[in-house]
Amino acid sequence: MIIKRIVIVGTMACFITLGSGLSGQTAAAAKALALIPAKQADQNNSNSKQKKSDPLIDAIGIANSEDHTDGLYEALAAGNSLADIALSNQKDIESVIRLQVSQLQEQLDQRLVDGHISIEAYQQQSQELVAIISESVAKKYHIF
């Protein structure tokens, strides 16, 4: 499981860091906030006692159990892509892509608000998200 997280986080960090490191400019908070759409209220009550499930696990259709991350790790280690896993569980690949794009967009939004990337870098990276995530979902990683 650790190797999978390293690959995913490393890829995301690389793309985010490259954009922020190349420009050297900081974003103004007022401009940053104007670019970020207002977040919708969470449909689930945050005080609910229900166990939270991992949205990615739900999107690719792995059974929601205590060992769902083991099932994902095993499928990825066997040479399957996230798209392969989703298709084998009769799930829509586009929903997996939309989920990951929205999660990464939230991270970009936060980096912009915190002043870690410029507005130009934010806009450029936001435009590239769908292509990067689409490629990542279809890629087969060989984890040894």
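Select arginine 98 to begin: at 52% relative accessibility this residue counts as exposed, where exposed means over 50% relative accessible area, buried means under 20%, and partly exposed lies in between, as found with a 1.4 Å probe on protein chains only. Before going further, note that this is a predicted model, in which local features need pLDDT of at least 70 and side-chain atom pairs count only at pLDDT 80 or more, while totals for chains, interfaces and linings use all residues. Residues are numbered from 1 along each chain as its sequence is written, and side-chain values use heavy atoms, with hydrogens and water left out.

Now add aspartate 92 to the selection, and look for the salt bridge that arginine 98 forms with this residue, in which the closest N and O atoms are 3.9 Å apart. A salt bridge here is a side-chain nitrogen of Lys or Arg within 4 Å of a carboxyl oxygen of Asp or Glu. Aspartate 92 counts as partly exposed, because its relative accessibility is 43%.

How many salt bridges does the structure hold? There are two, and to see the other pair you can select lysine 140 and aspartate 84, whose side chains meet at 3.1 Å, N to O. This pair links distant parts of the chain, 56 residues apart, since lysine 140 lies in the segment after helix H7 (119-138) and aspartate 84 lies in helix H5 (residues 82-88). Lysine 140, at 42% relative accessibility, is partly exposed, and aspartate 84, with a relative accessible area of 26%, is partly exposed as well.

Next, select helix H7, remembering that helices (H or I, at least four residues) and strands (E, at least two) are DSSP runs, numbered from the N terminus. The 20 residues of H7 should span 28 Å at 1.5 Å a residue, and its end C-alpha atoms are 29 Å apart, which agrees; the expected span is 1.5 Å times one less than the number of residues. Move to glutamate 128, where H7 bends by about 40°, the bend being the angle between axes fitted to the seven residues ending there and the seven starting there. Then colour the buried residues of H7, which are Ile119, Ala121, Tyr122, Gln125, Leu129, Ile133 and Val137.

Finally, show the whole protein chain, which has seven helices and zero strands. Of its 144 residues, 29% are buried. If you display contacts (heavy atoms within 4.5 Å), consider those with a separation of 6 or more, of which 73% come from residues 24 or more positions apart.
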